[in-house]
Amino acid sequence: MALNVVDMTPAIGAELIIDKADLLSGAHAEEIRTLVRQRGVVFVRGAHLEEAEQLKVSHSLGKVQEAGKEGLQNISLDKEISISADYLRGSFFWHIDGASDDMPNFAATLNPKKLTDPPASTYFANTYAAYDALPDAEKKQYDTLKVVHSLEASQRMVTPEPSYETIRIWQTHRPKKVHPLVWTHVDGRKSFLLGATADYVQEMSIEEGRALLTKLRDWATQPQFVYKHEWEYGDFLIWDNTGTMHRVDPYPVDSGRLLIRTTIDGEEQVA
Ligand SMILES: [Fe+2]
């Protein structure tokens, strides 16, 4: 059976029209991986995947991280069901996942189990398209800069007055990491590596660097680079974590909102 693709905007997002049986067969896995890289984020409506099925499709897309329960992670602000509930409030701000890693995860999948009413939307910004749209002179100016990323930078946004104990946990749990501002991927394409974890620019004063990071985040999250996903039950969504930033609209801690996530291992070093 064919896989049909409907682009959501010129720069980002695509709906995949595919039978559930075809999705589960893995026959289109390579094509879907390519679409994830090209479109930044793709989704199937009405898939209604059971957890085992989500895991099966995830395994067809790459190496599934052994986080959570056999790779199935609860994404919720409820501490009873999510071990990372405290950190997840950071997802209200533009970020990439694993920005402190040498090799941030390639992709992740989401499958909603309990949505808020109305559902909190998730946004994805194409950081390849944002880079490509700049004039050459500006690209050249950014190509050599290096950015210090830290969990602390992103967590300060949700906990601006942390205790000493908390800040030490942030700093030791995920030590800071230096990445190029512009990620040159194995296939030659370039994307910005930005987001809430981006603290300052190595070659600049703290003030100048933070101003530049803010300017570029504003640039990269303009409407022409962004896809807003309005969740429906039955959705199955996959995004390229290496070429997008994402965030979710804030929702109440006690809302019960729960999405099941799988994470596909990184396949290329940041370079
Ligand atoms: Fe995230």
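## Sheet β8-β7-β11

Three strands make up an open sheet with the order β8-β7-β11, and their pairing is antiparallel. The edge positions belong to β8 (177-180) and β11 (198-201); each has a single partner strand, so one side of each is left without a neighbour in the sheet. From one strand to the next, the twist averages 35°. The model described here is predicted.

Strand β7, residues 146-149, pairs with β11 in the antiparallel sense over three bridges. Within this pairing, V147 stands opposite V201 of β11. Helix α9 packs on the sheet and touches β7 and β11. The direction of α9 makes about 125° with that of β11.

## Overall dimensions and composition

The protein contains nine helices and 15 strands. Its C-alpha trace spans about 55 × 45 × 30 Å along the principal axes. A compact globule with 271 residues would have a radius of gyration near 18 Å, and the protein, at 18 Å, agrees with this.

Of the 271 residues, 39% count as buried. Among contacts between residues at least 6 apart in sequence, 79% join residues at least 24 apart.

## Sheet β12-β6-β14

A further open sheet is formed by three strands in the order β12-β6-β14, again with antiparallel pairing. Here β12 and β14 stand at the edges, each with a single partner strand, so one side of each has no neighbour in the sheet. Neighbouring strands of this sheet are turned by 20° against each other on average, with direction ignored.

Strand β6 (residues 122-126) is joined to β14 by five bridges, and the two run antiparallel. Four bridges join β6 to β12, also in an antiparallel arrangement. Residue A125 takes part on both sides: its bridge partner in β14 is M245, and in β12 A125 stands opposite V226. Although β14 is an edge strand of this sheet, four of the five residues of β14 (residues 244-248) are buried, so this strand is largely enclosed by the rest of the structure.

## The loop residue T221

T221 lies in the loop between α9 (206-220) and β12 (226-229). Is this loop residue buried or exposed? T221 is buried, because 20 other C-beta atoms lie within 10 Å and the cut-off for a buried residue is 20 or more.

Leaving aside neighbours within four places in sequence, T221 is in contact with W94, A125 and V226. Two of these residues, A125 and V226, stand opposite each other in the pairing of β6 with β12. T221 and H246 are 25 residues apart in sequence, while their C-alpha atoms are 9.5 Å apart in space. H246 falls within the residue range of β14, 244-248.

## Strand β3 and the nonpolar core

Strand β3 (residues 41-44) is covered on both faces. V41 and F43 are buried on one side, and V42 and V44 are buried on the other. This division fits a general pattern: in a regular strand the side chains alternate between the two faces of the sheet.

Two strands that pair with β3 are β2 and β13. Strand β2 (residues 14-17) pairs with β3 in the parallel sense over two bridges, and E15 stands opposite F43. The pairing of β3 with β13 is antiparallel and runs over four bridges; in it, V44 stands opposite F236.

Which residues have the most contacts inside the largest nonpolar core? They are V42 and F192, in a core of 57 residues. Apart from neighbours within four places in sequence, V42 is in contact with A14, L16, I32, L35, V36 and I238. Of these contacts, A14 and L16 fall in the range of β2, residues 14-17, and I238 falls in that of β13, residues 236-240.

## Helix α3

Helix α3 covers residues 51-61, and its buried residues are Q54, V57 and S58. Viewed down the axis of α3, these buried residues fall within an arc of 105°, so they line one face of the helix.

The buried residues of α3 pack against one helix, α1 (20-25), and against the strands β5 (107-114), β13 (236-240) and β15 (258-264). Of these elements, β13 is also a pairing partner of β3.

Methods:
Residues numbered from 1 in each chain as written. Predicted model: local features only at pLDDT ≥ 70, side-chain atom pairs only at ≥ 80, totals over all residues. Core = buried A, V, L, I, M, F, W, Y, C linked by C-beta atoms within 7 Å. Buried ≥ 20, exposed ≤ 12 C-beta atoms within 10 Å, placed from the backbone. Contact = placed C-beta atoms within 7 Å. Pairing = 2+ DSSP bridges. Rg over C-alpha atoms; globule rule 2.2 N^0.38 Å. Axes fitted to C-alpha atoms, helices over the stretch in contact; angles between N-to-C directions. Arc of directions from axis to C-beta.
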